[in-house]
Amino acid sequence: MGESIVLEIARYSPERDAEPHLETYEVPLRKEWVVLDALNHIKDKIDGSLTYRWSCRMGICGSCGVMVNGEPKLGCATFLSSYAGRKRVRVEPLRYFPIVRDLVTELGDFLAKLKKVKPWLIRTDGPLLREGEYLQTPEQLDDYRQLSMCINCTLCYSACPVVGLDALFVGPAAIALAQRYNKDSRDRGAKERTLILAHPDGIWGCTFVGECTRVCPQHVDPAGAIQQYKVGSALAWFEGLIMPKKRRKTEDRHGAAAD
Amino acid sequence: MQQPTKVPHYTKYHPRWFRPRVSVYWWLGQWQYLRFILRELSSVFVALTVIMTLLELRAVVQGPVAYARFQHQLAKPGVILISLISLFFVLFHTITWFNLTPRAMAVKVAGKRIPEWLVAAPNYLIWIVVSGAISLLILRG
């Protein structure tokens with residue numbers, strides 16, 4: 001057997017354990033192996049009871065997020081060779097989420113928050129769908145393209161201390177996704193989303209730690225989206241204060257409530 | 001003596017989920033979080049610097065005797081130490097926030113977002129120009 005590496009994996013069995021504990025496994029250190037390959041190796045060859053989520057193995061589905069040495073990472077995009085110099089690599093479930101078993105976290109709260117920001121095109125005016133598609137220029141697409149890359153992997157939630165400290169905080173991915181639709185020229189739902197976003201549990205809950213952007217595997221920049229919404233919201237409030245007639249127009253454009 | 005508990009952290013509706021508690025010292029674990037806390041803490045020293053400047057202005061208005069007394073107070077070792085710490089935090093506050101400006105402002109020219117450094121650079125430029133002008137004013141005066 002060639003080189004190997006030791007993985008410390010957090011294990012939690014709800015039937016047996018009071019709290020998670022670490023178990024160590026030695027796996028081959030292969031150049032092309034990622035953390036997910038190591039987990040699959042352990043499940044296939046060493047301990048079949050190890051529980052974790054995975055699906056696409058190519059950074060698209062966003063289901064294999066774990067903490068690797070304290071950093072939120074996609075298991076399928078984190079090469080073991082990056083940790084070759086370390087004695088041990090610690091793999092734990094994503095931080096700030098309830099743990100169901102081993103590396104599997106409960107995402108119900110995240111999904112409920114996601115739904116709350118209405119991440120879909122809201123359009124009550126204009127032609128019906130059967131009459132044709134809404135056309136968009138490349139510039140209009142560029143406005144939200146980066147934000148549309150989110151794969152809901154929740155790494156940003158695990159990187160955000162506000163998520164851990166304030167259970168009501170809507171969170172980076174949900175706000176970024178709301179902004180993805182707010183910035184979409186086909187959407188007319190900015191005002192509806194304002195009720196959730198321009199709120200102490202929405203954008204104003206964010207303290208701009210900036211870690212959500214750093215850990216995002218898709219380079220979505222949720223922190224930037226939130227700060228830009230804050231600026232837009234504050235400007236709309238100020239605009240409404242000095243030019244009340246223009247207020248309605250601005251709210252429709254930025255989705256920023258003055259109240 | 002408190003008995004060690006082996007009872008699972010049951011919750012009302014989902015008794016089987018384990019809900020880890022966030023430590024009070026969560027910010028000490030990683031440099032990024034410590035840096036964030038230091039950035040937040042720097043606001044205290046920014047406020048302190050503003051108060052010191054206002055007190056200095058008041059001393060100037062009150063006349064040479066009051067200003068000499070104020071300068072004497074400033075020369076005390078404790079005040080010098082606090083001033084040095086304040087200087088570090090004010091610089092830290094300024095630089096970190098200037099560097100974050102491009103993230104909060106997506107400036108577009110001719111439909112395209114301009115590079116981040118172009119958004120941050122004017123902040124530094126204005127900072128240098130204003131500091132230079134004030135220094136010139138004080139040194140000449």
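**Sheet, helix packing and chain contact in the predicted model**

Chain A contains an open sheet of five strands, arranged in the order β2-β1-β5-β3-β4 with mixed pairing. The structure described here is a predicted model. The edges of the sheet are formed by β2 (21-28) and β4 (71-74) of chain A, each of which pairs on one side only, and from one strand to the next the twist averages 35°.

At one of these edges, β2(A) runs antiparallel to strand β1 (residues 4-11) of chain A, to which it is joined by eight bridges. Within this pair of strands, Ile9(A) stands opposite Glu23(A), a residue of β2(A). Helix α1 (residues 35-46) of chain A packs on the sheet, where it touches β1, β2, β3 (65-68) and β5 (88-92) of chain A; the direction of this helix makes about 95° with that of β2(A).

The other edge strand, β4(A), is paired with β3(A) in the antiparallel sense over four bridges, and Met67(A) stands opposite Pro72(A) of β4(A). The hairpin that β3(A) and β4(A) form has two residues between the strands, and in this hairpin Asn69(A) takes a positive phi near 50°.

In chain B, helix α1 (residues 31-62) and helix α2 (residues 64-74) have axes that come within 5 Å and cross at roughly 145°, with α1(B) passing α2(B) in a left-handed crossing. The contact is made on the α1(B) side by Leu55(B), Glu56(B), Ala59(B), Val60(B) and Gln62(B), which meet Ala66(B), Tyr67(B) and Phe70(B) of α2(B). Classified by side chain, the residues of this contact comprise six nonpolar, one polar and one charged.

Between the two chains, 22 residues of chain A are in contact with 22 residues of chain B. On the side of chain A that touches chain B, the elements giving two or more residues are β6 (99-101), α5 (161-165) and α9 (222-242) of chain A, and the largest share, five residues, comes from α9(A). By class, this side of chain A has 13 nonpolar residues, together with five polar and four charged ones.

Notes: Residues are numbered from 1 along each chain as its sequence is written. Chains are lettered from A and ligands numbered from 1 in the order in which they are written. This is a predicted model: local features need pLDDT of at least 70, side-chain atom pairs count only at pLDDT 80 or more; totals for chains, interfaces and linings use all residues. Two residues are in contact if their C-beta atoms, placed from the backbone, lie within 7 Å. Ala, Val, Leu, Ile, Met, Phe, Trp, Tyr, Cys and Pro count as nonpolar, Asp, Glu, Lys and Arg as charged, and the others, Gly among them, as polar. Two strands pair if DSSP finds at least two bridges between them. Axes are lines fitted to C-alpha atoms, for helices over the stretch in contact, and angles run from 0 to 180 degrees between N-to-C directions. A crossing is left-handed if the near helix is turned anticlockwise from the far one by less than a right angle, and right-handed if clockwise.
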